[in-house]
Amino acid sequence: MHIARRCAALALGLGLALGLLPGHALAADAPRLAATVRDVPGEKLGASHGPGCPVPPQRLRLITMNHWGFDGRVHRGELIVHQDMVRPVLRVFREIFDERFPIRRMRVMAEYDGSDARAMADDNTSAFNCRRVTGDAGHLSRHSYGDAVDINPLENPYVDRSGAVHPPAAGRHLERDPAAEGLIMPGDAVTRAMEGAGWQWGGHWSPPDYQHFSADGT
């Protein structure tokens, strides 16, 4: 009961601070970001967390929030982030929502057994996942710390050090077309929101990682 009360208080406090609607109160004529925040149940972590991960489950939070889909409708999704990242992540996704930027799907990495390849192939927007860098197993990914987000991987490919494109089907989007739905472009709603939160975009890297944003720029 104590944990439930604490989670409810956290969700209410964030909602009041950010001007969010309760999850059941989306106005049909003017949708706004609706979000709840709570401790992460074990089944929501699954294979995305294990021994040796740098952040214990107690310091992670599950955000459940709405987002615009490619079908022009509002959907509910989930992200897991570090507890210190909750406020900036919510502010970013509120701005993205207000601009109606489409997100294909937003599911926790446990639904993909922690497989980054499977999640990218499914065009899944995600955050926490304790894993090595895709295409560079010698380094731990920032996603392991819960302070990085990948958005619409099929529209926003990652090119690793060897030149391989992830996911492979995203290769057609290496030629960036600002009119294509779901692409992240310099100066758009996503990059402006992330820059306002102090996060950096992998789209500026060489080779680029168009889907990736992180708090420390790695």
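**View 1. Strand β2 is mostly covered, with 9 of its 9 residues buried.** Buried here means under 20% relative accessible area, exposed means over 50%, and partly exposed is in between, using a 1.4 Å probe and protein chains only. Strands are DSSP runs of E with at least two residues, helices are runs of H or I with at least four, and both are numbered from the N terminus. What you're looking at is a predicted model, where local features need pLDDT of at least 70, side-chain atom pairs count only at pLDDT 80 or more, and totals for chains, interfaces and linings use all residues. Residues are numbered from 1 along each chain as its sequence is written, and side-chain values use heavy atoms, with hydrogens and water left out. Which residues sit on the two covered faces of β2? On one side are Leu60, Leu62, Thr64, Asn66 and Trp68, and on the other are Arg61, Ile63, Met65 and His67, all of them buried. In a regular strand, side chains alternate between the two faces of the sheet.

**View 2. Thr64 is a residue of strand β2.** Is Thr64 buried or exposed? Its relative accessible area is 17%, so Thr64 counts as buried. Leave out residues up to four places away in sequence, and Thr64 still touches Ala34, Ala35, Thr36, Arg76, Gly77 and Glu78. Contact, by the way, means heavy atoms within 4.5 Å.

**View 3. Strands β1, β2 and β3 line up in that order as an open, antiparallel sheet of 3 strands.** Two strands pair if DSSP finds at least two bridges between them. β1 (35–39) and β3 (74–82) are at the edges with a single partner strand each, so one side of each has no neighbour in the sheet. On average, neighbouring strands of this sheet are turned by 20 degrees against each other, direction ignored. How many bridges join β1 to β2 (residues 60–68)? There are 5, and the two strands run antiparallel. One pair to look for is Arg38 with its bridge partner Leu62 in β2.

**View 4. β2 and β3 pair in the antiparallel sense over 9 bridges.** Here you can find Leu60, whose bridge partner in β3 is His82. The hairpin of these strands has 5 residues between them, and in it Gly72 takes a positive phi near 75 degrees.

**View 5. Helix α3 lies across β1, β2 and β3 and also packs with helix α5.** Two packed helices are described by the angle between their axes and the distance between the axes. Axes are lines fitted to C-alpha atoms, for helices over the stretch in contact, and angles run from 0 to 180 degrees between N-to-C directions. α3 runs at about 5 degrees to β2. α3 (residues 86–98) and α5 (residues 189–196) pack at an angle of about 155 degrees, with their axes 9 Å apart. That makes the two helices roughly antiparallel (over 145 degrees; under 35 is roughly parallel, 65 to 115 roughly perpendicular and the rest oblique). Their crossing is right-handed, as the near helix is turned clockwise from the far one by less than a right angle (anticlockwise would be left-handed). Val92, Glu95 and Ile96 of α3 meet Val190, Ala193 and Met194 of α5 in the contact. These residues divide into 5 nonpolar, no polar and 1 charged. Nonpolar covers Ala, Val, Leu, Ile, Met, Phe, Trp, Tyr, Cys and Pro; charged covers Asp, Glu, Lys and Arg; the others, Gly among them, are polar.

**View 6. Ala164 sits in the loop between β9 (158–159) and β10 (165–166).** With 28% relative accessibility, Ala164 counts as partly exposed. Which residues is Ala164 in contact with, leaving aside neighbours within four places in sequence? They are Tyr158 and Val159. Gly135 is 29 residues away along the chain, yet its C-alpha atom is separated from that of Ala164 by 7.9 Å.

**View 7. Another open sheet has 3 antiparallel strands in the order β8-β12-β11.** β8 (148–150) and β11 (200–201) stand at its edges, each with a single partner strand, so one side of each lacks a neighbour in the sheet. β11 and β12 (residues 212–214) run antiparallel and are joined by 2 bridges. Look for Gln200, whose bridge partner in β12 is Ser214.
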